Amino acid sequence: MDVDPLADSAPPRYAIESDEEDEYNPLQKLSPKTSSPLEMKVVGDLSSNRPLIVVSGNAGQYWAKGSSLGEQTGAVYVNDTQVGLVFTPSRSKSTIIVSETFARLPVVNMHSYAEKLVEHLKPSSIVLLDIYPTPIYVTSQPIALQDAPIRYLSTHQVDHTISSLAERFSPPNFVHSTTSAALMSYVASTPQTTSRPDFKATLLLLPFPRIPTPAPKILGRSDFSHLTEVEYQWSEVMMNIIQKLLFVAVGEKPDAWHTPLNSSSSKSSVNVFVKAQVPIDDGMYI
């Protein structure tokens, strides 16, 4: 049976009845699947009321490789799956969480994850690092990948250093990284932001050359096999800027960020991306 995807309503029943059980049936309703409850625990002797730096996904993994974080001091577990690594470097007064680098959370668990993380650590301020996909970012004028800036969102008036080195993440765009979106939405809606006017939350976004893969439907096991791989490399200049902005956001002075030893410092972000492209076959076949 041919189905018109642009039809305003479902076809009459006689048009869809069939002996074939696997045939498309627009009248069939899918039963909603109930998500399993999220059991989260933060392991480690961690102090509360400290600034919290959360770096996620591709941006977090690459940033952590070039930062001097010291030894791991804790971990974040969700349903017995390790989702985050916790660091408390001696040079900083902040708690640093490298989140979702080897286990991604389903979308349905994002808000609970953000809620429990903030409630457990009770941070004095939060700064997040993630990515935004440049191919679908809407601007008045097209921007080439090599010219795409760092962007930011915040719950307050940011420091001049941030506003001078990054551009505001503006509508009609929205944050595709679900962890960052959940954390920002929870922080913005929590009562402590109104009772504590000094509480600040900032989101910093690195440009990414493609749309990330969707979050999984269920939480899987931690996969450490790809930790040595780097899916995308930003330039050392841009990473030092993001390093500066991260620590300025929590009122600290940063040290230098260095390109990881297993990465090629001679390759620009554009060159790495082009090399990773899969050649397109424009040929026709029958």
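This briefing walks through a predicted model, going from its confidence to its sheet, helices and a few individual residues. The chain has a mean pLDDT of 79, and 72% of its residues reach 70 or more. At its heart for our tour is an open sheet of nine strands with mixed pairing.

**Confidence**
- Residues 265-286 deserve some care, as their pLDDT is below 50.
- Beyond near neighbours in sequence, that stretch has 13 contacts in the model.

**The sheet**
- If you follow the sheet across, the strands come in the order β1-β3-β4-β5-β2-β6-β9-β7-β8.
- The edges are taken by β1 (40-43) and β8 (167-168); each has a single partner strand, so one side of each is left without a neighbour in the sheet.
- The pairing of β1 with strand β3 (residues 72-78) is antiparallel and runs over four bridges.
- Within β3, Val-76 is the residue that stands opposite Val-42.
- In a regular strand, side chains alternate between the two faces of the sheet.
- You can see such alternation along β1: Met-40 and Val-42 point to one face and are buried, while Lys-41 and Val-43 point to the other and are not buried.

**Helices to look for**
- Helix α2 (residues 110-121) lies across β1, β2 (52-56), β3, β4 (81-87), β5 (95-99) and β6 (125-133).
- Relative to β1, helix α2 runs at about 40°.
- Helix α4 covers residues 178-189, and its 12 residues should span 16 Å at 1.5 Å a residue; the end C-alpha atoms are 16 Å apart, which agrees.
- Several residues of α4 are buried, among them Thr-179, Ala-182, Leu-183 and Tyr-186.

**Ser-180, a residue of α4**
- Ser-180 is found in helix α4, and it counts as buried because its relative accessibility is 1%, where the cut-off is under 20%.
- Leaving aside neighbours within four places in sequence, Ser-180 is in contact with Leu-128, Asp-130, Val-175 and Leu-203.

**Aromatic rings**
- The model holds eight aromatic pairs.
- Tyr-132 and Phe-169 form an edge-to-face pair, with 6.2 Å centre to centre and 75° between the planes.
- This pair links distant parts of the chain: Tyr-132 is in strand β6 and Phe-169 is in the loop between β8 and α4, 37 residues apart.
- Both partners fall under the 20% limit for buried residues: Tyr-132 has 4% relative accessibility, and Phe-169 has 6%.
- Elsewhere on our tour, ring pairs link Tyr-62, Phe-208, Tyr-232, Trp-234 and Trp-257 into a cluster.

**His-258, a loop residue**
- You will find His-258 in the loop between α6 (236-249) and α7 (269-276).
- His-258 and Trp-63 are 195 residues apart in sequence, and their C-alpha atoms are 9.2 Å apart in space.
- Setting aside neighbours within four places in sequence, His-258 is in contact with Gly-66 and Glu-236.

Technical notes:
Residues are numbered from 1 along each chain as its sequence is written. This is a predicted model: local features need pLDDT of at least 70, side-chain atom pairs count only at pLDDT 80 or more; totals for chains, interfaces and linings use all residues. Side-chain values use heavy atoms; hydrogens and water are left out. Helices (H or I, at least four residues) and strands (E, at least two) are DSSP runs, numbered from the N terminus. The expected span of a helix is 1.5 Å times one less than its number of residues. Buried means under 20% relative accessible area, exposed over 50%, partly exposed in between (1.4 Å probe, protein chains only). Contact means heavy atoms within 4.5 Å. Two strands pair if DSSP finds at least two bridges between them. Axes are lines fitted to C-alpha atoms, for helices over the stretch in contact, and angles run from 0 to 180 degrees between N-to-C directions. pLDDT is the predictor's confidence in each residue, from 0 to 100. Rings of Phe, Tyr and Trp (its six-membered ring) pair if their centres lie within 6.5 Å; planes under 30 degrees apart count as stacked, over 60 as edge-to-face and the rest as tilted.
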